[in-house]
Every structure is written in structure tokens, then in C-alpha cells.
Amino acid sequence: LADPSVDSLVKELSCAVSEKIGNVDPFNFHQRVREMYSWERVSKETALVYDKVLNKPRLNFLQRLARYKTVGGIAGYVVCLLAITLHFVVLLVEWWQPHYLVDVVPDICHQRSEEKQKHQ
């Protein structure tokens, strides 16, 4: 165990790490990591996660507020209060600068995803 000070924690953690690493061959460790991970697999899994998120139905404001309340007793209500405040700020900004006057850049990535789904 270490004393509750930064220097003591650093010293004890360094000792613990050096004991574990002392007998590990870096070349063998690198080879094991190389065999376990593949950038191709990681990119495919990442794309699957993004597709899954894009295909989820969007929650309306009341559904989001209900979810925010589950964060915790007091924190949930604080988050709900912040969300309601932000909602009114957004309404004020939309009144001040109407949505139809703002030039919107098309979402190229989302369009490509929709095109891929149509071709499958």
C-alpha cells in the first residue's frame, strides 16, 4: 500500500508495473497483440456500430426527458431542467433566425449510407 500522496503513489505504481513488465518479452507481446487485432475487423465493427446508431428511431423531446430522469434522483431533475432550458433557447434562436433562412449543407455520409441500403 502507498501513502496518500502523489509521490508515494507514483513510486508504488512504478514498482508494481516494473515487477509485472520485467519478465515480458516486448517482441512476443507485440506479436500477440498483432494477432489479436486487425484494423480491417475494427473498421468493420465500427461501421456496424455507426449503422446501428443511424438506424435507431429518434426519440422525441418527452421521451428524452424521461430518459434523463433515470440518471439519478437529483441529477436527473437537474439534467431535465437543463434540457428544458436548452429547448427554449433553441426555440428562441429559431424564432430569431428562422430555419428556412439558413443554408444547410447536405449530409453526404448519410446520403451514401442510404444509397448503399437501396442497392442491397
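A salt bridge here is a side-chain nitrogen of Lys or Arg within 4 Å of a carboxyl oxygen of Asp or Glu. By that rule, this predicted model comes out with two salt bridges.

Take the pair Lys44 and Glu40, whose side chains meet with N and O 3.2 Å apart. These residues sit four apart in helix H3, which covers residues 39-55, so about one helical turn separates them. Lys44 and Glu40 are both exposed.

Then there is Glu45 with Arg41, where the closest N and O atoms lie 3.8 Å from each other, and that counts as a salt bridge because the cut-off is 4 Å. Again the partners are four residues apart in helix H3, so the separation is about one helical turn. Glu45 is partly exposed at 44% relative accessibility, and Arg41 is partly exposed too, at 39%.

Over on helix H5 (residues 73-96), the spot to look at is Val89. With a relative accessible area of 41%, Val89 is partly exposed. Val89 also belongs to a nonpolar surface patch of about 810 Å², made together with Leu86, Val90, Leu92, Val93, Trp95 and Trp96. Patch residues need over 30% relative accessible area, so Val89 clears that bar with its 41%.

As for cysteines, the structure has zero disulfides. Cys15 is partly exposed, at 34% relative accessibility, whereas Cys80 is buried, at 8%. The label for Cys80 follows because buried means under 20% relative accessible area.

Key
Residues are numbered from 1 along each chain as its sequence is written. This is a predicted model: local features need pLDDT of at least 70, side-chain atom pairs count only at pLDDT 80 or more; totals for chains, interfaces and linings use all residues. Side-chain values use heavy atoms; hydrogens and water are left out. Patches are made of residues with over 30% relative accessible area and no salt bridge: like charges are joined within 9 Å, nonpolar side chains (Val, Leu, Ile, Met, Phe, Trp, Tyr) within 5 Å. Accessible areas come from the Shrake-Rupley method with a 1.4 Å probe; for residues, only the protein chains shown count as cover. Helices (H or I, at least four residues) and strands (E, at least two) are DSSP runs, numbered from the N terminus. Buried means under 20% relative accessible area, exposed over 50%, partly exposed in between (1.4 Å probe, protein chains only). A disulfide is a pair of cysteine sulfur atoms within 2.5 Å.
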